[in-house]
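Me: Please take a close look at one part of this model, the sheet and the nonpolar core that goes with it. I would like a connected account rather than a list.

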Amino acid sequence: MKLRLKTGIGLLGIGLGMACAASAEKAVDLTASEIAHAVPAISHGPMLGAVSEHEARIWVRTTVPANVACDVFEPGTASGNRTQTVRTTPASDHTYIFTFDGLKPDTEYKYVVRVGESEHHATFTTPGPSLSREGIRLV
């Protein structure tokens, strides 16, 4: 039995005042044994989104089924208080969206996503309460 794995490469070009995005995909046929022995890694992402005063989401895709750990913490504090661990599968297209709630408004956070031997570190700041109370006015 062979499974097909798609790998993608994102390309971005800017010309004539316009931004263009494209991706090239390459299909690779792998046997179940090759997948079992493949080294898991992050293939796409992580991508931060839906950040509010109290919540943030982080999306990630892996190369093969893999255990993925994501940790969100305030700089200067010990990591591990908000760690979530999941397993990606072919049924989920090797993707997962972590949701972290109970965050503090107007606070900087670090996050670390770990898959196999690879890690991705980044930061984000939750918006302050002024945005939710007063809203945004466009003129």
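Reply: A good place to start is a single pairing in this predicted model: L48 has I58, in β4, as its bridge partner. That pair belongs to the junction of β3 and β4, two antiparallel strands that are joined by five bridges. Both strands are part of an open sheet of three strands, ordered β3-β4-β7 and paired in antiparallel fashion. Because β3 (42-49) and β7 each have a single partner strand, they form the edges of the sheet, and one side of each is left there without a neighbour. On average, and with direction ignored, neighbouring strands of the sheet are turned by 15° against each other.

I58 also leads to the interior, since it is listed with V68, V72, F98, V113 and F124 among the residues with the most contacts inside the largest nonpolar core, which has 16 residues. At least two residues of this core come from each of β4 (55-62), β5 (67-73), β7 (95-101) and β8 (108-115), and β8 gives the largest share, with four residues. In soluble globular proteins, nonpolar side chains tend to be buried together.

V113 shows how one core residue is surrounded: leaving aside neighbours within four places in sequence, V113 is in contact with ten residues' worth of surroundings that include I42, P46, I58, V60 and V68.

As for confidence, the chain averages a pLDDT of 79, and 67% of the residues score at least 70. Over residues 6-24, however, the pLDDT is below 50, although this stretch has 21 contacts in the model beyond near neighbours in sequence. Where pLDDT is low, the predicted coordinates should not be read in detail.

Technical notes. Residues numbered from 1 in each chain as written. Predicted model: local features only at pLDDT ≥ 70, side-chain atom pairs only at ≥ 80, totals over all residues. Heavy atoms only, no water. Core = buried A, V, L, I, M, F, W, Y, C linked by side-chain atoms within 4.5 Å. Buried < 20%, exposed > 50% of the residue type's maximum accessible area, 1.4 Å probe, protein only. Contact = heavy atoms within 4.5 Å. pLDDT = per-residue confidence, 0-100. Pairing = 2+ DSSP bridges. Axes fitted to C-alpha atoms, helices over the stretch in contact; angles between N-to-C directions.
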